[in-house]
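Please open the model in your viewer and keep the selection panel at hand. The tour below goes from one selection to the next and says at each stop what can be found there.

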2 protein chains.
Amino acid sequence: MNLKELSTLLGLSQTTVSRALNGYPEVNEETRRRVALAAEQHNYRPNSRAKGLATGRAMAIGHVIPMSTKHEMVNPIFGDFIAGAGETYSRNGYDMVLTVVEDVNEAQAYRNIRSRHTVDGVVVHGPKMQDSRISLLKEIGLPFVVHGRASGIAQDYSWLDVNNKSAFARATDFLLDLGHQRIGLINGLEGMDFAHRRRAGYEEALIARGIAPDPAIMRSEEMTEIFGYRSAREMLAADEPPTAFLASSMICALGVRRAIEERGLRMGRDISVITHDDALSYLQNGSDVPIFTATRSSVREAGRRLAEILIERINNPDGPLIHELLEAELMVGQSTGPAPREAQ
Amino acid sequence: MNLKELSTLLGLSQTTVSRALNGYPEVNEETRRRVALAAEQHNYRPNSRAKGLATGRAMAIGHVIPMSTKHEMVNPIFGDFIAGAGETYSRNGYDMVLTVVEDVNEAQAYRNIRSRHTVDGVVVHGPKMQDSRISLLKEIGLPFVVHGRASGIAQDYSWLDVNNKSAFARATDFLLDLGHQRIGLINGLEGMDFAHRRRAGYEEALIARGIAPDPAIMRSEEMTEIFGYRSAREMLAADEPPTAFLASSMICALGVRRAIEERGLRMGRDISVITHDDALSYLQNGSDVPIFTATRSSVREAGRRLAEILIERINNPDGPLIHELLEAELMVGQSTGPAPREAQ
DNA sequence: AATCATTTTCAAAGCGCTTTGGATGTCTGC
DNA sequence: GCAGACATCCAAAGCGCTTTGAAAATGATT
């Protein structure tokens, strides 16, 4: 059933039917009801391609997911982010289109998206420092918002970010207050902006208490369980092992916990751990009492909000740029405790 | 730059340029080269909506993700599946469009997709027993493939599945061979087809050795870490605790391990664990030696293959239905060992 | 040189919608 | 009873592409 069929069926012109369905005022309320009813009954929905062609709007938003052939890693937060954003999209009648692309072809993918007019805007994920996508998107004129920020970019753009720096500074402070002096950092890839900021928060908090950051107990990698495990194990086996760890993700933290327990130590008593918790649906941090003391910020909520910002931007491309900085909450769980005596 | 502009720029008709670009034979090679070059230089790409409208094909494939307001759970395998499928899609020029929808509106979402012509086909995720989506999709005539199978459906359809039953039967056998007699099952939601099949494999293997399945040591839930932890803890605390567990996902297994270690037991010595491993990129099961003994099957690979099957189906809707059953490999890791003497 | 077959190119229609610029009908006030 | 205002509807153009059917150019054959 298409518009033409529906309109002949109703004995009306396509114009009138279209207007009735799209809520234009110049149509009799009686007629509008008739049209709406018939559309409902015949399960009519406008062909989105035709509509898009006519209106010049795709009613779709793009997400390009770069896939490194080496790392072969999918960001585990992606699912939850999508769920959040998707909620906003469907509420506003937008589709979500994903493009998986080899990372070397990422720029080309954006150009492609732009010239093919497949989407009205894109969400930029996982910004790196000096991220080149931002100027590219500005240049080609594709509306976008960034989930996170990119240090070292002069241009302004819309973003929503967790205050990674203050979160990790607070977490570090919390550990220092408990008497920990040697705190290992198990961070994401150094090129990632969030990892950079987290390290900055951590280092500043240490320095503020007169402790020099020690590169020997700072690691930076793709945030897997294995990485958390290995890093913690190595640091614990070294001279002057840390009495506490700061981990950048729950999955890392699970690895850290494994290393601790493998060594016969007890998390929360012998070794403290604080992790960042993205509030992933399949990795809840305990139920009533959190297992890990954590800096918590829901990535799903971020997705929801970011989608709103982008849609606003699409509807009003010359509107003000939006910057939203969310504070992570520090949730005290069972993984932290006073530094053991002998280590103080 | 659109086709019209490009063609006047070249002094050719739109027809010729279109044909040149789409590889039709009736165009001079010399002209084709000229056209290709100009297209390249001016970064021309056909408007996908216009193209879709003209050809009647969306060159896009849909995935609808039902979101329960209660569970609020995103399947953690989703990211990796998407990555795999996305690879196939981009190789074949398809876009991937996701629709997040409240589960109660799922059927309506498919109808919607169908009548709006947004995609050429869909992938059905996480089939339940007697899954109603299959007959719906048949009815509305939207090409589809299923990731998994749906027991209790009379109609035939294309699917790709892991042999869950044989995988869990083998895993159970493996544990039985090691002398374990009481094996706890920590499974996914009972309504899910895969969970059903896994339980069937587990039960049959037990019965074949004259052991009656005991409902007291079988759990079924959304597969979170917490669920794995709680289930294992409860079972270990009960009379006649299991000496081994069979878990349906790595994330569950991490919880199981936590419960074991919390009790002061050692996984692989005191308690054995086998898990199903979907080979998620951020949850590798160890590096050289697997941590968990596991039945392993890459969900990413499944995504890749399933996408191929669907595209084939779209190109040839009357072709034969395809059924692919992948055998999971049993990888022996450090989490299994002979049953402790006193328990035998 | 004329004819026919083949290659190469083109004008125009059509995909299903929105939207512009009327046309028609109805109502008001004088 | 008629001009003007307003409400309601419509025909047709246009969005950017593909594709049909025909025309023009070229080459081969007599």
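The stops that follow take in the two protein chains, the two DNA strands and the cavities of a model that is predicted.

**First stop: the two protein chains**

Begin by selecting chain A and chain B together, and superpose one on the other if your viewer allows it: chain A can be laid on chain B with an RMSD of 0.1 Å by a turn of 180 degrees and a shift of 0.0 Å along the axis. The two copies are thus related as by a two-fold rotation axis. The same surface serves both copies, since 100% of the contact residues of chain A recur in chain B. To find the axis on screen, select A:V97, whose C-alpha lies 2.1 Å from the rotation axis and comes closest to it among the residues of chain A.

**Second stop: DNA strand C**

Next select DNA strand C and display the protein residues around it, of which there are 28, the closest being A:L3, A:S18, A:R19, A:Y24 and B:T15. Which helices should you colour here, if you want those that each supply at least two residues of the surface near DNA strand C? They are α2 (14-21) and α4 (48-55) of chain A, together with α2 (14-21) and α4 (48-55) of chain B. The largest share of this surface, five residues, comes from α4(A). Colouring the surface near DNA strand C by residue class gives eleven nonpolar, 13 polar and four charged residues.

Now turn to the strand itself, where 60% of the atoms of DNA strand C within 4 Å of the protein belong to sugar or phosphate, and the rest to bases. Zoom in on A:Y24, where a polar side-chain atom lies 2.6 Å from a phosphate oxygen of DNA strand C, and then on A:Y44, which has a side-chain N or O atom 3.0 Å from a phosphate oxygen of that strand. For a contact with a base, move to B:T15, where an N or O atom of the side chain is 2.5 Å from a base nitrogen of DNA strand C.

**Third stop: DNA strand D**

Switch the selection to DNA strand D, which is surrounded by 28 residues, with A:T15, B:L3, B:S18, B:R19 and B:Y24 as the closest. Sugar and phosphate make up 60% of the atoms of DNA strand D that come within 4 Å of the protein. Helices α2 and α4 of chain A, together with α2 and α4 of chain B, each give at least two residues to the surface near DNA strand D, and the residues of this surface divide into ten nonpolar, 13 polar and five charged.

Three residues are worth picking out in turn. The side chain of A:T16 places a polar atom 2.8 Å from a phosphate oxygen of DNA strand D, whereas A:N28 uses a backbone N or O atom, which lies 3.1 Å from a phosphate oxygen of DNA strand D. From chain B, select B:Y24, which has a side-chain N or O atom 2.5 Å from a phosphate oxygen of this strand.

**Last stop: the cavities**

How many cavities of 30 Å³ or more are there to look for? The count comes to two. For the largest, which holds about 40 Å³ of space, select the lining residues A:N75, A:P76, A:G79 and A:Y282 with B:N75, B:P76, B:G79 and B:Y282; they divide into four nonpolar, four polar and no charged residues.

The second largest cavity has a volume of about 30 Å³, and to see its lining you should select A:L254, A:R257, A:R258, A:E261, B:L254, B:R257, B:R258 and B:E261. Helix α11 (250-262) of chain A and α11 (250-262) of chain B each supply at least two residues of this lining, which divides into two nonpolar, no polar and six charged residues.

Conventions. Residues are numbered from 1 along each chain as its sequence is written. Chains are lettered from A and ligands numbered from 1 in the order in which they are written. This is a predicted model: local features need pLDDT of at least 70, side-chain atom pairs count only at pLDDT 80 or more; totals for chains, interfaces and linings use all residues. Side-chain values use heavy atoms; hydrogens and water are left out. A residue is near a molecule or strand if one of its heavy atoms lies within 4 Å of it. A polar contact is a pair of N or O atoms within 3.5 Å; within protein, one must be able to donate a hydrogen and the other to accept it, and residues adjacent in sequence count only if both atoms are side-chain atoms. Helices (H or I, at least four residues) and strands (E, at least two) are DSSP runs, numbered from the N terminus. Ala, Val, Leu, Ile, Met, Phe, Trp, Tyr, Cys and Pro count as nonpolar, Asp, Glu, Lys and Arg as charged, and the others, Gly among them, as polar. On a 1 Å grid over the protein atoms alone, a cavity is a set of points where a 1.4 Å probe fits but cannot get out, and a pocket is an open set with protein on both sides within 12 Å along at least five of seven lines; lining residues have an atom within 4 Å of a point. Grid points are joined across faces, edges and corners, and a volume is the space filled by probe spheres set on the points. Copies are superposed by least squares on the C-alpha atoms of residues with pLDDT of at least 70 in both. Contact means heavy atoms within 4.5 Å.
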